[in-house]
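Could you give me a quick briefing on this model before I set anything up? A short lead and some grouped points would be perfect.

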Amino acid sequence: MELLIVIIVLALLFDFINGFHDAANSIATIVSTKVLTPFQAVLWAAFFNFVAFFIAKYIIGGFGIANTVSKTVVEEFITLPIILSGVIAAIAWNLITWWKGIPSSSSHTLIGGFAGAAIMASGFGAIQLNIILKIAAFIFLAPFIGMVVAFGFTIFITHIINKVRAKIVVHTNRISHQNVRYVIFAGRQRFVELMIAAHSMGLGMGINSIADLPDWVAFACFTAISLGTMSGGWKIVKTMGTKITKVTPLEGVVAETAGAFTLYLTEILKIPVSTT
């Protein structure tokens, strides 16, 4: 029981770090284009990270992505020490990349740590290689999908821009850029507790699948992510918002909309991808 408590505490810590690490990049375009102040942006993002629990629970109808993460290791090889090792590895890597200001995926970090611990303990037969390869494929496919969608949105928006006055366009872009925030956070499910609680061996307590998950577990995770988002993550915001390319309000709304479309697509497919 003591080990379980340690894992839950570390899992919530992982979610908190995820909030200021992985979620911070999602507000980068809003901050860099001065659509919102940094304080307004983190409050906006934190609010929708919190609301995402209710969207996932009552609108989407479940936590499919978290269920996929829980299946990266064969169930019989999932033990509390394996989960503990995976969480510690994920926390360590997230802190290193945050310190360096490098955007990276908390989902993939967690999957890698979880799978790595299982391999070291029981060999490659302990992991679901087909699931891991599918997830790995979308590390490359997700940016490509986002890019293609962004091409289409850019053509559509610039066509509209050519037909209206510049003053109206600037105002419209700023409103659209803010409204797309809720879409990004509706698809976030990066929390360890869902993976832990879905496993019947070693935990029991009547929890045999994601469907049996108590609401307080997911609620606590989303709350931790929201608090983490409010704490900042400005190094990653700076990298995403200023160091990759100069972002205008037009490019900002296109990037956010294309990212949201990609996240919803992968939500349907139940494949974890990076908001980055």
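Here is a short tour of the chain, its confidence and one surface patch.

This is a predicted model, in which local features need pLDDT of at least 70 and side-chain atom pairs count only at pLDDT 80 or more, while totals for chains, interfaces and linings use all residues. Residues are numbered from 1 along each chain as its sequence is written, and side-chain values use heavy atoms, leaving out hydrogens and water.

**Overall build**
- The chain has 13 helices and zero strands, where helices (H or I, at least four residues) and strands (E, at least two) are DSSP runs numbered from the N terminus.
- Of its 276 residues, 50% count as buried, meaning under 20% relative accessible area with a 1.4 Å probe, protein chains only.

**Confidence**
- The pLDDT (the predictor's confidence in each residue, from 0 to 100) averages 76 over the chain, and 76% of the residues score at least 70.
- Helix 6 (residues 106–122) has the highest mean among the elements, 91, and helix 9 (residues 181–186) the lowest, 34.
- Residues 175–198 fall below 50, yet this stretch has 99 contacts in the model beyond near neighbours in sequence (contact: heavy atoms within 4.5 Å).
- Residues 200–206 are also below 50, with 13 such contacts.

**Nonpolar patch**
- Leu13, Phe16, Phe39, Leu43, Leu227 and Met230 make a nonpolar surface patch of about 540 Å².
- Helix 1 (2–21), helix 3 (38–60) and helix 11 (215–230) each supply at least two of the patch residues.
- Phenylalanine 39, found in helix 3, counts as exposed because its relative accessibility is 56%, and exposed means over 50%.
- Patch residues have over 30% relative accessible area and no salt bridge (a side-chain nitrogen of Lys or Arg within 4 Å of a carboxyl oxygen of Asp or Glu), with nonpolar side chains (Val, Leu, Ile, Met, Phe, Trp, Tyr) joined within 5 Å and like charges within 9 Å.
- Accessible areas come from the Shrake-Rupley method with a 1.4 Å probe, and for residues only the protein chains shown count as cover.
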